[in-house]
Amino acid sequence: MSVAVEPQVAFEAVIGIECHVQLNTQTKAFCGCTTSKSTANANICPICLAHPGTLPVLNEDVLRKAVLAGLALNCNIARQSKFDRKQYFYPDLPKGYQISQYDEPICYDGRIETVLPDGSTRSVGITRAHLEEDAGKLVHSGSDQLSGSDYSLVDYNRAGVPLLEVVSDPDMRTGAEAAAYASELRRIMLFMGLTEGVMAEGHMRFDVNVSVREQGSETLGTKVEVKNMNSFSAMQRAIDFEIDRQVELHKSGRRHEIIQETRLFDESKSETFTMRRKEGLADYRYFPEPDLPPIHVSEALIHEVKENKAEAPSAVRRRYMDLKLPVADALILADELPVSRYFDAVVAAGASPKLAANWVLGDLMAYTKESKCSFDDLLLTPGSLAELVGAIEEGVISGKIGKQVLPDLLKGNGKEGVKAYMKQKGLIQISDVSAIEALVDDVLAANPKQLQDYCAGKVKLQGFFVGQLMKASKGLANPEVLNKVLMKKLTEAHKAAE
Amino acid sequence: MLCIFSSPCLHQKPAQLARQSIKTACSSSITYRSRLNSSANSVGKCLGARRMAETGMIGQSQRKICKGITIPCAAAAAAPSATSTSLIRQIQLDLRSKSRSAVDITEQYLEQLEAAEPQVRSFITVTAESARTSARQLDERISREGSSSLGPLAGVPLGIKDTLCTAGTETTAGARVLKGYVPSYDATSVARLKAAGAIIVGKANCDAFAMGSTTESSDYQVTRNPWDLDRVPGGSSGGSAAAVAVGQCVGTLGSDTGGSIRQPAHFCGVVGIKPTYGRVSRSGLIAYGSSLDCVGPLARTVEDAALMLTAISGRDDLDATSSPRQVPDFAEGLPEASSLNSRPLAGKRIGIIRETVGAGVAAGVSDAFTRAAKHLESLGADVDEVSLPSSDAGLPAYYVIATSEASSNLSRFDGVRYGLCKQGANIREVYNETRGEGLNAEVKRRILMGTYALSAGYYDAYYKRAQQVRTLVQREMYAALAEHDALISPAAPTVAYRIGQVVSDPLEMYKGDLMTVNLNLAGLPAMVVPCGFEEGGGSQGQALPVGLQIIGRAFGEADMIRIGHIFEQTADFAQGKPEGFR
């Protein structure tokens with residue numbers, strides 16, 4: 001009896017991501033209720049509660065934002081599309097149907113460039129992005145889920161808030177690639193000003209579809225949906241776990257155990273677990289929403305949106321690399337809009353990009369992290385930082401003094417000008433050669449013994465003189481000038497001694 | 001059965017939209033009852049008699065034209081200066097001349113309402129107290145500010161179909177699941193009537209969620225046809241039509257998804273207008289079939305209906321499907337009977353829809369319709385026949401689309417936020433119990449049909465195909481209306497059904513919508529004007545009214561209304577009022 005030897009089969013994962021982006025419009029998608037944070041059921045009206053006789057009317061800003069998102073995702077914008085009703089019963093869904101877009105999404109066939117931590121890039125296709133409305137929120141008492149709870153309360157504040165569902169092509173192969181896609185998508189939405197983007201608040205909700213197949217195979221394996229990931233690192237871990245789980249099942253001949261289901265990610269265990277099985281395809285009985293006329297996107301609107309469109313994060317990254325910044329720096333600077341905006345303003349105010357990047361990525365980023373604030377909240381204006389950087393570059397102050405004075409400036413001091421503030425504080429560096437010559441003369445005269453030793457060959461004493469000089473100048477002497485003058489004077493003294 | 005188009009030539013396969021002269025057909029097969037004035041020559045004589053009657057010159061307020069039929073004389077109690085037959089115009093004159101106060105008028109109608117209600121049961125809710133308050137406030141305003149700023153419907157008592165939301169007044173749509181539901185807002189059409197000064201006297205009965213053709217599907221009460229209390233008033237706006245027929249109010253709002261204004265108008269002998277889709281806001285109309293639903297007026301005269309339609313029409317920011325088109329004053333320039341020449345419709349081309357006449361149409365309806373067509377011709381119109389071959393496909397397409405949309409629109413009645421709520425061990429049970437008890441058999445039937453039609457695997461065969469038929473029907477209608485100023489047809493194949501006659505036979509009932517649904521599919525305006533009677537058709541030998549359906553071009557209500565008005569003002573044979581009511 002011969003035992004069949006399993007050939008070493010390599011597997012690959014196929015990953016696609018659906019993301020619900022909450023658009024940050026002032027009012028809901030189809031009524032005039034505010035979208036701002038409020039106490040439960042404060043932002044409701046007969047329309048979003050689906051009272052009899054009420055009708056939806058599309059918020060124009062929703063359309064504009066969808067067009068902007070589509071352009072930012074390099075999608076085609078459908079000049080004509082429509083809304084459909086997706087029907088199911090659930091207490092958080094007031095009408096018994098969700099207004100969505102079924103077969104005519106407003107944006108389709110897009111592509112974005114994602115970037116991995118090592119700076120390499122991947123291109124991910126966007127299948128479509130369509131508009132829909134959010135449902136309310138269920139608060140279950142006595143259980144995390146509807147089943148098993150004593151009772152459930154519904155908060156309809158979120159019902160009718162506009163969502164853009166962005167569906168990627170199944171172009172990703174690893175958890176890292178998926179996380180890179182997700183973070184780039186968030187970055188794009190934030191840079192375009194389309195969402196608040198707070199994951200914990202549910203502003204962006206990612207559903208990941210993972211399947212595994214033998215490398216080289218054209219057919220797709222059974223896909224599993226993973227939900228409930230509250231960060232990109234959690235997403236990466238969830239996917240990697242899921243890939244391993246599925247590959248193991250393949251390898252051990254139990255691939256039939258991979259079933260179409262929805263799994264949740266348990267952050268503490270770094271595992272996914274079954275939430276519900278999908279028994280056949282749910283029949284949502286989509287049909288065109290008769291209460292809303294077809295959506296026409298005019299060339300004028302597209303033109304207007306294009307004109308006012310902010311710079312994409314990928315373009316920002318490229319721009320920073322063109323400034324000869326290291327790749328790692330460029331990635332971090334272009335990671336978050338407030339940082340990038342701040343950095344751009346510092347450079348625009350005349351600072352050298354390299355020095356500005358050092359300050360922004362170093363001291364300022366540390367400060368914002370420590371004080372848990374955003375670059376938008378900094379009291380040190382980009383103009384002031386540029387002045388500070390310029391002063392160091394010009395030698396008006398030393399880098400050391402710059403770092404010393406930074407906490408003061410971050411408290412909002414020096415608003416009338418950094419140099420004026422330094423001067424007022426007596427922190428301006430002494431770079432004047434004759435002043436430093438006088439200083440050096442004084443120090444050499446005050447230390448004849450050391451000078452004599454130096455001349456006798458103890459050149460190490462140069463450091464001693466520098467120390468004395470810095471002390472005498474209260475640290476304000478320009479080190480470069482000081483060194484130059486000191487060397488000159490010591491050489492003269494040495495020559496004289498010979 | 002007397003069939004007006006039994007001539008063999010008309011049963012030849014026609015070229016699409018062929019225009020054929022009605023004369024050929026009529027000459028061979030129609031006999032006219034001698035007492036009916038339908039020739040051009042007699043029109044003038046009729047008008048004279050009519051005017052005398054209206055102005056009280058023949059010394060009586062009602063004139064019997066045959067057994068059981070009397071002419072309503074709106075102006076009888078009024079100053080003889082009023083030559084219009086419009087009750088609303090009369091009220092405006094009276095308020096301005098101070099011959100009657102708003103309170104007088106309201107009390108008069110409330111009295112008629114209360115008197116007729118035990119027999120007819122038109123209203124689910126009567127808002128007598130708030131009507132009295134509104135009337136009193138109006139009188140105070142008149143005494144304070146004079147009458148120069150009065151709205152066009154000032155002091156006019158009106159009823160509202162219960163499918164339309166009224167702020168602070170229970171609104172049920174005739175359905176148990178909405179028992180006790182009090183809206184926080186007025187439907188736009190209701191708000192506009194109020195803004196025009198109207199006084200709301202109550203909420204009219206209807207089939208639950210407007211699903212029915214008899215008003216027997218109301219979960220509250222059966223409304224009876226004032227012409228024959230053993231018969232239904234039609235539906236779904238049966239309460240609205242009956243209330244107008246017995247003078248419980250001057251006019252009512254109805255809603256029309258497949259004929260729900262026009263068929264009851266025909267059954268009850270009143271005027272009903274279904275405007276162009278989009279002309280009147282649907283905001284506040286409890287949805288049945290959203291792409292078909294229209295709000296429109298029912299009234300005693302065309303002019304009254306036109307005045308109401310003018311008040312409620314126009315773009316509404318709360319309804320994205322409402323049209324921004326300019327709204328003309330539909331009642332402006334409607335000629336008084338006395339000003340008409342002998343051929344007031346000269347130059348008008350009117351097409352009879354061939355598919356709506358002939359086999360399947362009851363003799364009484366057929367006779368009255370033929371007479372009406374002949375009358376239009378005598379008024380100078382060029383009447384011919386037009387074939388709309390897709391007509392018959394309209395009815396099934398209508399039932400697929402209407403029920404599909406209904407299955408979705410009625411999902412919101414789940415017991416979670418308002419209306420009936422049955423407790424259950426879990427949410428599924430709450431749904432099942434609430435909807436099981438709150439929705440009646442006819443409503444459930446339509447939800448099931450619609451759910452089926454939209455289901456995966458059936459969508460293309462039903463919903464999609466129905467939409468294709470809809471496009472076809474619409475195209476044919478538009479093409480016919482490119483050649484004609486208006487099309488006409490009977491409003492329904494029969495006069496009013498007996499109570500219980502069709503309610504247990506849904507297919508029979510659905511077939512009654514044959515002549516009306518295509519206009520909803522096409523979105524076109526259509527109105528029903530009384531055009532005669534089926535003599536002795538009632539249970540006690542009463543005459544039962546028959547209505548003429550006039551179809552206009554999209555947003556061409558003004559022309560359609562003018563034709564209807566001229567017909568009404570000259571067709572004395574069509575006038576009447578049910579006996580036994582004040």
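**Exercise 1. Find the residue of S10(A) that stands opposite A:Val21, then place the two strands in their sheet.**

*Solution.* Step 1: in this predicted model, the residue facing A:Val21 is A:Leu164 in S10(A).

Step 2: now look at the strands themselves. Strand S1 (residues 11-22) of chain A and strand S10 (residues 162-168) of chain A run antiparallel and are joined by five bridges.

Step 3: widen the view to the sheet. S10 and S1 belong to an open sheet of nine strands in chain A, ordered S2-S6-S7-S10-S1-S11-S12-S13-S14, with mixed pairing. At its edges stand strand S2 (76-77) and strand S14 (271-277) of chain A; each has a single partner strand, so one side of each has no neighbour in the sheet.

**Exercise 2. Work out which strands form the edges of the sheet S5-S4-S15 in chain A, and which residue stands opposite A:Arg85.**

*Solution.* Step 1: read the order. This is an open sheet of three strands with antiparallel pairing.

Step 2: strand S5 (97-100) and strand S15 (287-288) of chain A each pair on one side only, which makes them the edge strands.

Step 3: strand S4 (residues 84-87) of chain A pairs with S15(A) over two bridges, in the antiparallel sense. Here A:Arg85 is placed opposite A:Phe287.

**Exercise 3. Follow B:Val528 to its partners on S8(B) and S14(B), and decide how enclosed strand S13 of chain B is.**

*Solution.* Step 1: start with S8. Strand S8 (residues 271-274) of chain B pairs antiparallel with S13(B) over three bridges, and B:Gly272 has B:Val528 as its bridge partner.

Step 2: turn to strand S14 (residues 544-551) of chain B, which is antiparallel to S13(B) and joined to it by eight bridges. There, B:Val528 stands opposite B:Gln549.

Step 3: check burial. All of strand S13 (residues 526-534) of chain B is buried, nine residues of nine, so the strand is largely enclosed by the rest of the structure.

**Exercise 4. Name the residues that touch the most other members of the largest nonpolar core, and see where this core draws its residues.**

*Solution.* Step 1: the core holds 167 residues, and B:Leu158, B:Phe209, B:Val271 and B:Ile550 touch the most other members.

Step 2: domain 1 (40-392 + 467-574) and domain 2 (396-462) of chain B each supply at least three residues to this core.

Step 3: take B:Val271 as a worked case. Leaving out residues up to four places away in sequence, its contacts include B:Leu298, B:Val302, B:Met527 and B:Val529.

Step 4: do not merge this core with a second, separate one of 79 residues, which includes A:Leu55, A:Phe83, A:Ile239 and A:Phe241.

**Exercise 5. Describe how the two domains of chain B meet, then how chain B meets chain A.**

*Solution.* Step 1: the centres of domain 1 and domain 2 of chain B, taken over C-alpha atoms, are separated by 30 Å. Between them, 28 residues of domain 1 are in contact with 22 residues of domain 2.

Step 2: on the domain 1 side, helix H14 (460-483), helix H15 (506-511) and helix H16 (517-522) of chain B are the elements giving two or more residues. That side divides into 15 nonpolar, nine polar and four charged residues.

Step 3: for the chains, 36 residues of chain B are in contact with 25 residues of chain A. Helix H11 (391-409), helix H12 (427-438) and helix H13 (441-454) of chain B each give two or more residues to the side touching chain A; H11(B) gives the most, with three residues.

Step 4: finish with composition. The chain B side has 18 nonpolar, 11 polar and seven charged residues.

Key. Residues are numbered from 1 along each chain as its sequence is written. Chains are lettered from A and ligands numbered from 1 in the order in which they are written. This is a predicted model: local features need pLDDT of at least 70, side-chain atom pairs count only at pLDDT 80 or more; totals for chains, interfaces and linings use all residues. Two strands pair if DSSP finds at least two bridges between them. Helices (H or I, at least four residues) and strands (E, at least two) are DSSP runs, numbered from the N terminus. Two residues are in contact if their C-beta atoms, placed from the backbone, lie within 7 Å. Ala, Val, Leu, Ile, Met, Phe, Trp, Tyr, Cys and Pro count as nonpolar, Asp, Glu, Lys and Arg as charged, and the others, Gly among them, as polar. Domain bounds come from an automatic or database domain assignment. A nonpolar core is a set of buried Ala, Val, Leu, Ile, Met, Phe, Trp, Tyr and Cys residues joined through C-beta atoms within 7 Å. A residue is buried if 20 or more other C-beta atoms lie within 10 Å of its own, exposed if 12 or fewer, and partly exposed in between; C-beta atoms are placed from the backbone.
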